[in-house]
Amino acid sequence: MRLDIQELQANDGTTLGFDFSLPLDKALADYVDGTASVKGTVANHGGFLLLESGVSVSAKGVCARCGELFDTSHSFTVSRPVARELNEENDEYILTDEDGFLDLEGVFSEELLLELPTKLLCREDCKGLCPKCGKNLNRGACGCSQKEIDPRLEVLKALLNNG
Ligand SMILES: [Zn+2]
Ligand SMILES: [Zn+2]
């Protein structure tokens, strides 16, 4: 979505609203079928342009430990000044295109990459997969959990028992 802000820029005290949804970028590989709802405004405060918005994301997350899909949702706000050009570089600012349009999809695709957690867990205490048999340990223990006894310790134990 591209927002024409030329009129806003010319009129102090005015506000422009926007409301759109954005599919999540492929770069966010831990989020499947994700959509971000973006709602906000750009306002002209005495010639200073400010974008304020709320973003809410719902997706299927891929658990970093067990690999299962689960429903996940995140929300965050974005509040950044907007300018057509700057005398000095400033990463805080969102810059418009040369023709005075704001590329909102581009802006929010970047915000999503910055704001969304990269390591998702289906639950805080996810037990993950057994490194040996690959069973999902959230569904119960597998037979691998009995520790094998180190043969060197066996020798030591024998010595201690005999002493
Ligand atoms: Zn998990
Ligand atoms: Zn196992």
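A residue counts as buried when its relative accessible area is under 20%, as exposed when that area is over 50%, and as partly exposed in between. The views below show a predicted model.

**View 1. Surroundings of T72 in strand β5.** T72 belongs to strand β5, which covers residues 69-83, and because its relative accessible area is 12%, T72 is buried. The side chain of T72 is joined to the side chain of H74 by a polar contact of 3.0 Å. When neighbours within four places in sequence are left aside, T72 is in contact with Y31 and L120, and also with V57, S58, A59, K60 and G61.

**View 2. Surroundings of V78 in strand β5.** V78 is likewise a residue of strand β5, and with a relative accessible area of 3% V78 is buried. Not counting residues up to four places away in sequence, V78 touches L51, E52, S53 and V55, together with F108 and E111. This view may also include E115, which lies 37 residues from V78 along the chain and whose C-alpha atom is separated from that of V78 by 9.6 Å.

**View 3. The cysteines C130 and C144.** C130 has a relative accessibility of 9% and therefore counts as buried, whereas C144, with a relative accessible area of 29%, is partly exposed, because this value falls between the two cut-offs of 20% and 50%. The structure holds zero disulfides, so that no pair of cysteine sulfur atoms in the predicted model lies within 2.5 Å.

How values were computed. Residues numbered from 1 in each chain as written. Chains lettered and ligands numbered in written order. Predicted model: local features only at pLDDT ≥ 70, side-chain atom pairs only at ≥ 80, totals over all residues. Heavy atoms only, no water. Helix = DSSP H or I, 4+ residues; strand = E, 2+ residues; numbered from the N terminus. Buried < 20%, exposed > 50% of the residue type's maximum accessible area, 1.4 Å probe, protein only. Polar contact = N/O pair within 3.5 Å; in protein donor to acceptor, adjacent residues only side chain to side chain. Contact = heavy atoms within 4.5 Å.
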